[in-house]
Amino acid sequence: MRINRIFTPEPLSKGSTIELDAGASLHLIKVLRLKPESPLELFNGDGFNYRGKLLIQGKRVAAVRIESCQLNGSESPLRTRLGIVISKGDRMDFVVQKSTELGIFDVFPLTSERCDIKLSNERGQKKREHWQKVAIAASEQCGRSVVPTIHEIQPLSAWIGEIEADTRLVMHHRASNTSLPQRAQSVALLIGPEGGLTEAEVSAAVRHGFEPFVLGPRVLRTETAPIAALSILQTTFGDFTI
């Protein structure tokens, strides 16, 4: 039987009782209609699973009595960091959700010359908080106990000079290189907007140690490219098997 998983930012330990927030409580009691003593699994991002039993303390208040703690072995040995120029609609939601399933550690929303979205500081912060919630929900679903960090929106020009990784790749359809390095423990992946990166942006990335890379002869959309690339990287350097 599949056990429902719930994220909580609270410190967790065996033997403790944790009261869940209003959203999680409502979901468990009113939507899933779970009964007292139903098994649950909590996680707070520290890499462990905390299993326990549901305690219903009122019509809309749920808590969990933690009975055991176990290291979650689902994390990839490859640390991947995605820098992607933000786009319209729900494309970023899709990228964050699927990247989480594919083991991403950090997502950096970027702006660029061809980025057609202008956000105030307040709206940008609300977007980041929304994408973080998407990452939490995806972690609950896919069985991870480490939640990817969604960073503040920043200019591409700043990110390429600050990001740390032993392998750096900038994907664009004008590249000719289709080979990956022999080894990688961490990868920074740069993806442009729908209109693509400018020649100047690609050149700037190269000056900061990024290697141009293309997956094949077809032009991929901005939400497709990171999913395809992360799948290949996990197969080559991570924990995907074929």
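The largest pocket of this predicted model has a volume of about 330 Å³. Its lining comprises 20 residues, of which Met171, His172, His173, Val219 and Leu220 are the closest to its centre. By class, 9 residues of this lining are nonpolar, 7 are polar and 4 are charged.

The second largest pocket holds about 280 Å³ of space. Its lining is formed by Arg5, Ile6, Phe7, Pro9, Asp21, Ala24, His27, Ile136, Ala137 and Glu140. Three elements each supply at least two of these residues: strand E1 (4-7), helix H1 (22-31) and helix H3 (121-142). Here 6 lining residues are nonpolar, 1 is polar and 3 are charged.

The largest nonpolar core contains 49 residues. Within this core, the most contacts are made by Trp159, Ile160, Leu189, Leu190 and Phe210. Another core lies apart from it and has 15 residues, including Leu40, Leu42, Ala62 and Ile66. Beyond its neighbours within four places in sequence, Ile160 contacts Arg168, Leu190, Ala204, Ala205, His208 and Phe210.

Two of these partners, Ala204 and Ala205, are among the buried residues of helix H5 (residues 199-207). The other buried residues of H5 are Glu201 and Val202. Viewed down the helix axis, the buried residues of H5 fall within an arc of 160°, so they line one face of the helix. An α-helix has 3.6 residues a turn, so residues three or four places apart point the same way. The face of H5 turned away from the buried side carries Glu199, Ala200 and Arg207, which are exposed. Cover for the buried residues of H5 includes helix H4 (156-162), strand E10 (167-171) and strand E11 (186-191). After H5 comes Gly209, which has a positive phi, near 95°.

Strand E11 contains Ala188. Ala188 is buried, with a relative accessible area of 0%. Residues up to four places away in sequence aside, Ala188 touches Arg81, Trp159, Ile163, Ala165, Thr167, Arg168, Leu169 and Phe210. Among these contacts, Trp159 and Phe210 are also listed with the most contacts inside the largest nonpolar core. Arg168 is a contact of Ala188 and also of Ile160. Ala188 and Val107 are separated by 81 residues in sequence, and their C-alpha atoms lie 9.9 Å apart in space.

Notes: Residues are numbered from 1 along each chain as its sequence is written. This is a predicted model: local features need pLDDT of at least 70, side-chain atom pairs count only at pLDDT 80 or more; totals for chains, interfaces and linings use all residues. Side-chain values use heavy atoms; hydrogens and water are left out. On a 1 Å grid over the protein atoms alone, a cavity is a set of points where a 1.4 Å probe fits but cannot get out, and a pocket is an open set with protein on both sides within 12 Å along at least five of seven lines; lining residues have an atom within 4 Å of a point. Grid points are joined across faces, edges and corners, and a volume is the space filled by probe spheres set on the points. Ala, Val, Leu, Ile, Met, Phe, Trp, Tyr, Cys and Pro count as nonpolar, Asp, Glu, Lys and Arg as charged, and the others, Gly among them, as polar. Helices (H or I, at least four residues) and strands (E, at least two) are DSSP runs, numbered from the N terminus. A nonpolar core is a set of buried Ala, Val, Leu, Ile, Met, Phe, Trp, Tyr and Cys residues joined through side-chain atoms within 4.5 Å. Buried means under 20% relative accessible area, exposed over 50%, partly exposed in between (1.4 Å probe, protein chains only). Contact means heavy atoms within 4.5 Å. The arc is that of the directions from the helix axis to the C-beta atoms.
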